[in-house]
Amino acid sequence: MRRLRLTAPAPTDLGIELLGVPVGSPVEAELRLEAVMEGVLASGQARVRLRGECARCLDPVEDELEVQLQELYVYPESDAEEHEAGRLDGELLDLEPVLRDSVVLALPFQPLCEPDCLGLCVDCGARLSDDPAHAHDESIDPRWAALSGLKTTEAGEAASTDEE
Ligand SMILES: [Zn+2]
Ligand SMILES: [Zn+2]
């Protein structure tokens with residue numbers, strides 16, 4: 001059995017669309033490598049940095065995440081194909097797939113800048129957490145104004161048809 005502590009730069013695309021580990025940021029791992037019958041069992045934790053944006057208000061989100069890792073790496077000559085195991089490459093084992101799976105599974109679907117983020121005003125895009133009393137008397141979007149004009153015209157035409 002061997003204990004191992006290592007820091008490595010994060011690979012690309014480690015994460016989901018709204019939240020992920022910045023490329024090249026340090027991934028710190030503490031691992032236990034145990035020789036077992038079929039190969040090497042690696043287990044331990046990895047700590048990564050996270051950067052992304054709030055799913056509601058699009059503010060930047062920064063966080064840290066610690067994930068548990070466990071993977072069996074079988075010897076190259078092993079025929080343990082049916083275990084979806086990693087495979088040893090000489091003395092090397094590739095931690096990236098297990099790290100990727102663990103990180104992606106641990107990420108929230110909807111990263112938030114704060115648990116009760118109020119999101120953005122649908123009318124003007126203001127961040128509601130900054131101004132919870134925010135309100136508009138009526139819609140200010142000119143597209144809606146144009147639509148309500150159209151509705152009036154249609155109603156007027158319908159009315160004149162009825163009269164004939
Ligand atoms: Zn937010
Ligand atoms: Zn508004």
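Two strands count as paired if DSSP finds at least two bridges between them. Keep that in mind as you work through these exercises on a predicted model.

## Exercise 1: Strand pairing

Work out how β4 is paired with its partner strands, and name a residue pair for each partner.

Step 1. Start with strand β1, residues 2-9, which pairs with β4 in the antiparallel sense over 8 bridges. For a residue pair here, take Pro-9, whose bridge partner in β4 is Pro-26.

Step 2. Now turn to β5. Strands β4 and β5 also run antiparallel, and 8 bridges join them. Here Ala-29 stands opposite Ala-46 of β5.

Step 3. Look at the connection: β4 and β5 make a hairpin, with 3 residues between the two strands.

## Exercise 2: A glycine in β5

Find out whether Gly-44 is buried or exposed, and which residues it touches.

Step 1. Place the residue: Gly-44 belongs to strand β5.

Step 2. Check the accessibility. The cut-off for buried is under 20% relative accessible area. Gly-44 has 13%, so it counts as buried.

Step 3. List the contacts. Setting aside neighbours within four places in sequence, Gly-44 is in contact with Glu-30, Leu-31, Val-67, Gln-68 and Leu-69.

Step 4. Add a distance through space. Leu-4 is 40 residues from Gly-44 along the chain, and their C-alpha atoms are separated by 9.3 Å.

## Exercise 3: The buried side of a helix

Identify the buried residues of α1 and explain why they can be placed on the same side of the helix.

Step 1. Helix α1 spans residues 96-106, and its buried residues are Val-98, Leu-99, Ser-102 and Val-103.

Step 2. Around the helix axis these residues cover an arc of only 125°, so they lie on the same side of α1.

Step 3. Ask what covers them. The cover includes β2 (14-15), β3 (19-21), β4 (26-35), β5 (39-53) and β6 (60-74).

## Exercise 4: The first-numbered zinc site

Describe the site of the zinc ion (ligand 1): its donors, its geometry and its spacing along the chain.

Step 1. The protein donors are the SG atoms of Cys-54, Cys-57, Cys-113 and Cys-117, lying 2.3 Å from the ion.

Step 2. The 4 donor atoms subtend angles of 107 to 114° around the zinc ion (ligand 1), and the arrangement is therefore tetrahedral.

Step 3. Along the chain the donors of this ion are spaced C-x2-C-x55-C-x3-C. Distant parts of the chain are linked in this way: Cys-54 sits in the loop between β5 and β6, while Cys-117 sits in the loop between α1 and α2 (142-163), 63 residues apart.

Step 4. Check how covered these two cysteines are. Cys-54 has 0% relative accessibility and counts as buried, and Cys-117 is buried as well, at 3%.

## Exercise 5: The other zinc site

Do the same for the zinc ion (ligand 2), then sort some of its donor residues into buried and partly exposed.

Step 1. The ion is coordinated by Cys-121 (SG), Cys-124 (SG), His-134 (NE2) and His-136 (NE2), at 2.0 to 2.3 Å.

Step 2. Angles of 103 to 116° between the 4 donor atoms make the arrangement around the zinc ion (ligand 2) tetrahedral. The sequence spacing of its donor residues is C-x2-C-x9-H-x1-H.

Step 3. Now sort. Cys-121 counts as buried, at 10% relative accessibility. His-134 is partly exposed, with a relative accessible area of 22%, and His-136 is also partly exposed, at 28%.

Step 4. While you are looking at cysteines, how many disulfides does a search of the whole structure find? The search finds 0.

## Exercise 6: Positive phi values

Locate Asp-13 and Leu-58, and compare their backbone angles and accessibility.

Step 1. Asp-13 is in the loop between β1 and β2. Its phi is near 55°, a positive value in a residue other than glycine. Asp-13 is exposed, with a relative accessible area of 65%.

Step 2. Leu-58 is in the loop between β5 and β6. The phi of Leu-58 is near 65°, again positive in a residue other than glycine. At 49% relative accessibility, Leu-58 counts as partly exposed.

Definitions and conventions. Residues numbered from 1 in each chain as written. Chains lettered and ligands numbered in written order. Predicted model: local features only at pLDDT ≥ 70, side-chain atom pairs only at ≥ 80, totals over all residues. Heavy atoms only, no water. Buried < 20%, exposed > 50% of the residue type's maximum accessible area, 1.4 Å probe, protein only. Helix = DSSP H or I, 4+ residues; strand = E, 2+ residues; numbered from the N terminus. Arc of directions from axis to C-beta. Contact = heavy atoms within 4.5 Å. Disulfide = S-S within 2.5 Å. Donors = N, O, S within 2.8 Å, 3.2 Å for Na, K, Ca; no water. Tetrahedral: all angles 85-135°; square planar, octahedral: opposite > 155°, others 65-115°.
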